[in-house]
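User: I am new to this structure. Please explain the terms used for it as we go.

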Amino acid sequence: MAIRKSNKFSQSAMIKQILKRCSSLGKKQYDEQGLPLDVPKGHFVVYVGENRSRYIVPISLLTTPEFQSLLQRAEEEFGFDHDMGLTIPCEEVVFESLTSTLLR
């Protein structure tokens, strides 16, 4: 039981770190708190595919097993300690299909 809490806490901390890092990258206009104006509250930015296309997705996706699997693949392939933002290692078509299914 303690291991689960520890893993859950570390996942929560990791997600907060990702959101903080991704919410402030690659944008020109910021509010007084330093958050980008084009990302609505409750959303975050990811970069997908070879062209690193930018997507704004709701935070609610972070709790789905399918999106968590993408996050694990992203960590394995790119790590989370870089300045490029959260990059998801899959094709844009696959990402769009997955997110549209999850957001129904």
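**Reasons behind the labels**

Analyst: Start with tyrosine 55 in this predicted model. Tyrosine 55 has 17% relative accessibility, so it counts as buried.

User: Why is tyrosine 55 called buried?

Analyst: Buried means under 20% relative accessible area. Tyrosine 55 is at 17%, so the label fits.

User: How do you know whether phenylalanine 95 is buried or exposed?

Analyst: By the cut-off of under 20% for buried. Phenylalanine 95 has 1% relative accessibility, so it is buried.

User: What makes the pair of tyrosine 55 and phenylalanine 95 tilted?

Analyst: Planes under 30 degrees apart count as stacked, and over 60 as edge-to-face. Here the planes are at 55°, so the pair is tilted. The ring centres are 5.1 Å apart, within the 6.5 Å needed for a pair.

User: Which parts of the chain does this pair link?

Analyst: Distant ones: tyrosine 55 lies in strand E2 and phenylalanine 95 in helix H3, 40 residues apart. The structure holds 3 aromatic pairs. Ring pairs join Phe44, Tyr55, Phe67 and Phe95 into a cluster.

User: Where does helix H2 meet helix H3?

Analyst: Glu66, Phe67 and Leu70 of H2 meet Phe95, Leu98 and Leu102 of H3. These contact residues divide into 5 nonpolar, no polar and 1 charged. The two helices pack at about 145°, with axes 10 Å apart.

User: Why is arginine 52 called partly exposed?

Analyst: Partly exposed lies between the 20% and 50% cut-offs. Arginine 52 is at 32%, so it falls in that range. Arginine 52 sits in the loop between strands E1 and E2. Its phi is positive, near 55°.

Note on methods. Residues are numbered from 1 along each chain as its sequence is written. This is a predicted model: local features need pLDDT of at least 70, side-chain atom pairs count only at pLDDT 80 or more; totals for chains, interfaces and linings use all residues. Side-chain values use heavy atoms; hydrogens and water are left out. Helices (H or I, at least four residues) and strands (E, at least two) are DSSP runs, numbered from the N terminus. Buried means under 20% relative accessible area, exposed over 50%, partly exposed in between (1.4 Å probe, protein chains only). Axes are lines fitted to C-alpha atoms, for helices over the stretch in contact, and angles run from 0 to 180 degrees between N-to-C directions. Contact means heavy atoms within 4.5 Å. Ala, Val, Leu, Ile, Met, Phe, Trp, Tyr, Cys and Pro count as nonpolar, Asp, Glu, Lys and Arg as charged, and the others, Gly among them, as polar. Rings of Phe, Tyr and Trp (its six-membered ring) pair if their centres lie within 6.5 Å; planes under 30 degrees apart count as stacked, over 60 as edge-to-face and the rest as tilted.
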